[in-house]
Amino acid sequence: MRWIDTDRYIWKGDGFIESYAVEERLAMYRRDMESSEGYVASGSVYAWCKEGFNDRELLVFLFLDEDLRLQRLRAREAERNSPFSLNEKGEMTNEFLEWCQTYLKAEDKEMVGTYAEHAHQMAIAKSPVLKLDSSWPIEELHARIMAAYKLSAKELGGRRVQDKA
């Protein structure tokens, strides 16, 4: 199955500096969806495509302990050779990491890339929603996603699936 990373529609190149215009994003996104019989999309398009993933069969929300999430983000930024500076706690940081720290604090559902926005998307989702702890082993995540995916939207009747076992 094809994987569509929605960041690909936002950023030109791997530098995450220059972005595509919304019209270009929409054209690329629609082209990729229409050319694929089935696909898995990661990320979010809600900020620039309000209808977003309304035709999806399953919305999987991966959550993670905030300290571990920030640790992983710092490691990824280091791997990308992003510029860093020291914050008041003596931790390596940059503009992106500072923004990431607003994820749980922001309350405006229109604020892109925040839990408030993601919670809103889950609340209005027409598809079933599966919440999983992304610290679990990949094999466990895969098994739970596939089990939930096999249930059709009709069988679930629009109910939300919360899997915290």
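**Figure 1. Salt bridges across the whole predicted model.** A search of the whole structure, which is a predicted model, finds seven salt bridges. Three of the residues concerned, Arg2, Arg8 and Asp32, are linked in a network of salt bridges, and further pairs, including Lys12 with Glu18 and Arg80 with Glu77, are shown in the views that follow.

**Figure 2. The salt bridge between Arg8 and Asp32.** The side chains of Arg8 and Asp32 meet in a salt bridge, with a distance of 2.7 Å from N to O. The pair links distant parts of the chain, since Arg8 belongs to helix α1 (residues 7–10) and Asp32 to helix α2 (residues 22–34), and the two residues are 24 residues apart. The partners differ in their accessibility class: Arg8 has a relative accessible area of 41% and is therefore partly exposed, whereas Asp32, with a relative accessible area of 4%, is buried. Arg2 joins this pair in a network of salt bridges.

**Figure 3. The salt bridge between Lys12 and Glu18.** Here the side chains of Lys12 and Glu18 form a salt bridge at 3.4 Å, taken from N to O. Lys12, with a relative accessible area of 31%, is partly exposed, and Glu18 likewise counts as partly exposed, at 47% relative accessibility.

**Figure 4. The salt bridge between Arg80 and Glu77.** The side chains of Arg80 and Glu77 meet in a salt bridge of 3.8 Å, N to O. Arg80 counts as partly exposed because its relative accessibility is 35%, while Glu77, at 5% relative accessibility, counts as buried.

**Figure 5. Helix α5 and the surroundings of His120.** Helix α5 covers residues 115–124, and its buried residues are Ala116, Glu117, His118, His120, Gln121 and Met122. These buried residues pack against strand β3 and against strand β6 (129–133). As a general point about the geometry, an α-helix has 3.6 residues a turn, so residues three or four places apart point the same way. His120 has its place in helix α5, and its relative accessibility of 16% falls under the 20% limit, so His120 counts as buried. Leaving aside neighbours within four places in sequence, His120 is in contact with Tyr46 and Lys109.

**Figure 6. Ser44 and Lys50 in the loop between β2 and β3.** Ser44 lies in the loop that runs between β2 and β3 (59–63), and the side chain of Ser44 reaches the backbone nitrogen of Tyr46 at 3.3 Å. When residues up to four places away in sequence are not counted, Ser44 touches Thr6, Phe53, Glu117 and Gln121; of these, Glu117 and Gln121 are among the buried residues of helix α5. Lys50 also lies in the loop between β2 and β3, and with a relative accessible area of 44% Lys50 is partly exposed. Although Lys50 and Gln121 are 71 residues apart in sequence, their C-alpha atoms are 9.7 Å apart in space.

**Figure 7. A nonpolar patch on the surface.** Met1, Trp3, Val40, Met146 and Tyr149 form a nonpolar patch on the surface, and together these residues have about 570 Å² of accessible area. One of them, Val40, has its place in strand β2 (residues 39–42); at 45% relative accessibility, Val40 counts as partly exposed. For the chain as a whole, about 10,800 Å² is exposed, and carbon and sulfur atoms supply 54% of that area.

**Figure 8. The chain as the setting for the close-up views.** The chain contains seven helices and seven strands, and from the N terminus on its elements run β-α-α-β-β-α-β-β-α-α-β-α-α-β. The radius of gyration of the chain is 17 Å, close to the 15 Å that the globule rule gives for 165 residues, so the chain is as compact as a globular protein of that length. Along its principal axes the C-alpha trace spans about 50 × 40 × 30 Å. Of the 165 residues, 36% count as buried, and among contacts between residues at least 6 apart in sequence, 54% join residues at least 24 apart.

Technical notes
Residues numbered from 1 in each chain as written. Predicted model: local features only at pLDDT ≥ 70, side-chain atom pairs only at ≥ 80, totals over all residues. Heavy atoms only, no water. Patch = residues over 30% accessible without salt bridge, like charges linked within 9 Å, V, L, I, M, F, W, Y side chains within 5 Å. Areas by Shrake-Rupley, 256 points an atom, 1.4 Å probe, with all protein chains shown as cover. Salt bridge = Lys/Arg side-chain N within 4 Å of Asp/Glu carboxyl O. Helix = DSSP H or I, 4+ residues; strand = E, 2+ residues; numbered from the N terminus. Buried < 20%, exposed > 50% of the residue type's maximum accessible area, 1.4 Å probe, protein only. Polar contact = N/O pair within 3.5 Å; in protein donor to acceptor, adjacent residues only side chain to side chain. Contact = heavy atoms within 4.5 Å. Rg over C-alpha atoms; globule rule 2.2 N^0.38 Å.
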